[in-house]
Amino acid sequence: MINQDLVDYLKGHGVCVVCQLRYLKARGNEYKDIKESLEKLNVKYEAAAPQDEEEDNSETVCKKAKQQSCPCCLGLFSHSFQSQLIESILQTDIHKFECSDIVVAISMPMIVQTRQLAMWYALLEKFGNKIDKERAPDVPLKEAIKLIINPIICKELQKGYDANGIMINIQLSHNMEEDNLKKLKQLHEKAFPTAPNTKRQVVSRGVLDKQYMPKRIKADLFKEYFTVPPQADDILKLDSIEMTGPTVFVAGRYRKISRELSHTPWVLNGKRVMEDSIEEIIIRTVAPYFCKDISRVIFMSSGREDVDVRCLGKGRPFVLEIPNSIHTTLPTAEAHRMECEIDKSCKLSVKNLQMVQREELVHIKSGEEQKKKYYRALCKLHDPATPEILQKLDIPEGFQIQQKTPIRVLHRRPLHTRPRMIYKMKASVDKDNLRVLVLDVVSQAGTYIKELVHGEFGRTTPSVSSIIGQPVDILALDVMAIDLDWPKDVDNSLPE
């Protein structure tokens with residue numbers, strides 16, 4: 001098939017020059033200079049009528065409203081549509097987003113797909129076996145949009161194109177879409193009949209892409225419902241444009257200095273048990289700077305501690321996942337203000353607040369059970385400590401325990417017996433009270449330290465209690481350190 005013959009046929013049915021290139025399988029930069037690309041493909045180039053350069057008076061507006069378009073793209077690639085699109089984007093609140101990149105999502109009515117299919121049948125009629133029945137003869141519209149429209153939007157907005165940028169959601173419609181869907185449904189019932197009492201498949205964009213092709217649907221059946229080749233019709237309408245800010249990630253370390261603060265909101269039998277939580281304090285202080293709807297913010301941390309357990313030392317790493325953010329940076333002064341505000345709670349302290357990349361979230365979850373945790377437990381012995389007891393609890397080489405899920409967490413964790421490593425243990429005694437023991441433990445993440453101490457009726461073996469042969473109660477527990485060198489140390493109190 002000669003390229004010029006194909007273009008002459010398309011042109012004769014009102015197909016725009018961009019769509020002509022699509023049917024010539026143009027790729028990449030070939031859409032930037034249409035004249036040059038057509039000439040390289042041995043096709044004569046004829047400039048389009050300058051209808052988009054008419055004066056914008058009331059008569060012209062009326063003409064444009066009735067303007068008929070390319071039967072394939074329905075005006076999607078016309079200069080007038082591109083101008084309208086850019087103008088509409090500039091009228092949105094895109095300027096409130098502090099982001100140098102965008103990503104564009106254009107949702108088109110299914111009538112556009114139907115017309116691509118109609119032209120496919122037309123080309124088969126005209127050129128016979130030179131046209132494949134299984135593989136569409138044109139470059140898909142979605143790919144062409146990426147090659148043609150997206151660069152224009154980026155240039156006009158002076159922004160880069162990146163999947164992590166501002167999402168520009170563009171919704172298009174067509175006044176014949178309802179009639180188109182009705183015909184599609186009728187065609188689908190004939191082309192793909194279903195057995196009685198079987199749920200009928202809904203005709204979606206995905207179904208059109210995968211199942212609708214000349215090899216599966218005969219041309220005569222398709223022509224019962226649609227015109228082949230497709231005829232010129234009204235242009236697509238720009239229904240709406242919505243902006244969605246990028247998802248950003250803010251990390252830091254928190255120190256929990258209260259023994260009356262839950263990790264996340266604690267609700268029991270529909271009633272709030274504690275008035276606040278670590279998650280809520282951090283989110284309500286940090287998130288409003290980035291977004292309005294803080295209910296969608298996700299809080300993640302490297303493990304968690306019980307309500308009555310403090311977390312000291314450098315603290316526990318955490319990260320906030322914040323969708324639809326208007327900011328993509330966190331100034332040092334703003335981070336310092338947030339840290340100071342959290343300190344005022346007298347329950348929690350946060351340091352090292354900073355922006356991180358999505359890829360860094362791997363530090364929070366990966367190798368969770370291989371991380372080491374450092375604890376200090378204040379214990380009470382049944383009998384006074386002796387040098388023999390202290391010697392038994394001085395275990396620098398460590399040991400392994402078998403630990404059943406504690407009874408206190410069975411309501412939220414499945415019952416399993418888990419092996420856990422105690423890497424190191426050492427005990428010291430209060431010289432003024434020989435029944436008070438201070439126990440320093442380095443353990444594998446996921447170890448229940450309280451149960452390690454008292455054994456929970458033999459559900460944890462061995463335990464401190466079984467090792468020394470007497471009951472041991474735990475009075476208080478602190479997390480002293482977490483073996484995770486992330487996020488990096490930053491001093492937000494220093495000026496930028």
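Leu-157 lies in helix H7, which covers residues 141-157, and makes a good starting point for a walk through this predicted model. Is Leu-157 buried or exposed? Its relative accessible area is 13%, so Leu-157 counts as buried, the cut-off being under 20%. Setting aside neighbours within four places in sequence, its contacts are Ile-89, Leu-90, Ile-94, Ile-102 and Ile-168. Another residue gives a sense of distance: Cys-19 is 138 residues away from Leu-157 along the chain, and the C-alpha atoms of the two are separated by 25 Å.

**A second buried residue**

Next comes Gln-82, which belongs to helix H5, residues 79-90. With a relative accessible area of 11%, Gln-82 is buried too, because this value is under 20%. What does the side chain of Gln-82 reach? It reaches the backbone oxygen of Phe-77, at 3.3 Å. Phe-77 also appears in the list of contacts of Gln-82 beyond four places in sequence, together with Ile-148 and Ile-152.

**The annotated domain**

Let us step back to a longer stretch of the chain. An unreviewed UniProt entry carries the annotation "domain: Pus10 N-terminal eukaryotes" for residues 70-232. In the model, this span is 45% helix and 10% strand. How far apart are the end C-alpha atoms of residues 70-232? They lie 6 Å apart.

**Two helices that pack together**

Further along the chain, helix H11 (residues 278-286) packs with helix H12 (residues 332-343). Their axes are 10 Å apart, and the angle of packing is about 145°. The crossing of H11 past H12 is right-handed. Which residues make the contact? From H11 come Ile-281, Ile-282, Thr-285 and Val-286, while H12 contributes Arg-337, Met-338, Glu-341 and Ile-342. Sorted by class, the contact has 5 nonpolar residues, 1 polar residue and 2 charged residues.

**Backbone details to look for**

Most residues other than glycine have a negative phi, and most peptide bonds are trans. With that in mind, four places in the backbone are worth a visit. The table gives their values and where to find them.

| Place | Backbone value | Location |
|---|---|---|
| Val-228 to Pro-229 | cis, omega near -5° | Pro-229: loop between helix H10 (219-223) and strand E4 (237-244) |
| Trp-486 to Pro-487 | cis, omega about -5° | Pro-487: segment after strand E16 (472-482) |
| Lys-25 | positive phi, about 65° | loop between helix H2 (17-23) and helix H3 (34-40) |
| Asn-324 | positive phi, about 50° | loop between strand E9 (310-322) and H12 |

Neither cis bond is hard to find: one joins Val-228 to Pro-229, and another joins Trp-486 and Pro-487. As for the positive phi values, Lys-25 has one although it is not a glycine, and Asn-324, also not a glycine, has one as well.

How accessible are these residues? Lys-25 has 32% relative accessibility, so it counts as partly exposed, a class that lies between 20% and 50%. Asn-324, at 29% relative accessibility, is partly exposed too. The loop that holds Asn-324 runs from strand E9 to H12, and H12 is the helix already met above as the packing partner of H11.

Methods: Residues numbered from 1 in each chain as written. Predicted model: local features only at pLDDT ≥ 70, side-chain atom pairs only at ≥ 80, totals over all residues. Heavy atoms only, no water. UniProt positions renumbered as here; feature names shortened; annotations may be inferred. Helix = DSSP H or I, 4+ residues; strand = E, 2+ residues; numbered from the N terminus. Axes fitted to C-alpha atoms, helices over the stretch in contact; angles between N-to-C directions. Left-handed = near helix turned anticlockwise from the far one by under 90°. Contact = heavy atoms within 4.5 Å. Nonpolar A, V, L, I, M, F, W, Y, C, P; charged D, E, K, R; others polar. Buried < 20%, exposed > 50% of the residue type's maximum accessible area, 1.4 Å probe, protein only. Polar contact = N/O pair within 3.5 Å; in protein donor to acceptor, adjacent residues only side chain to side chain.
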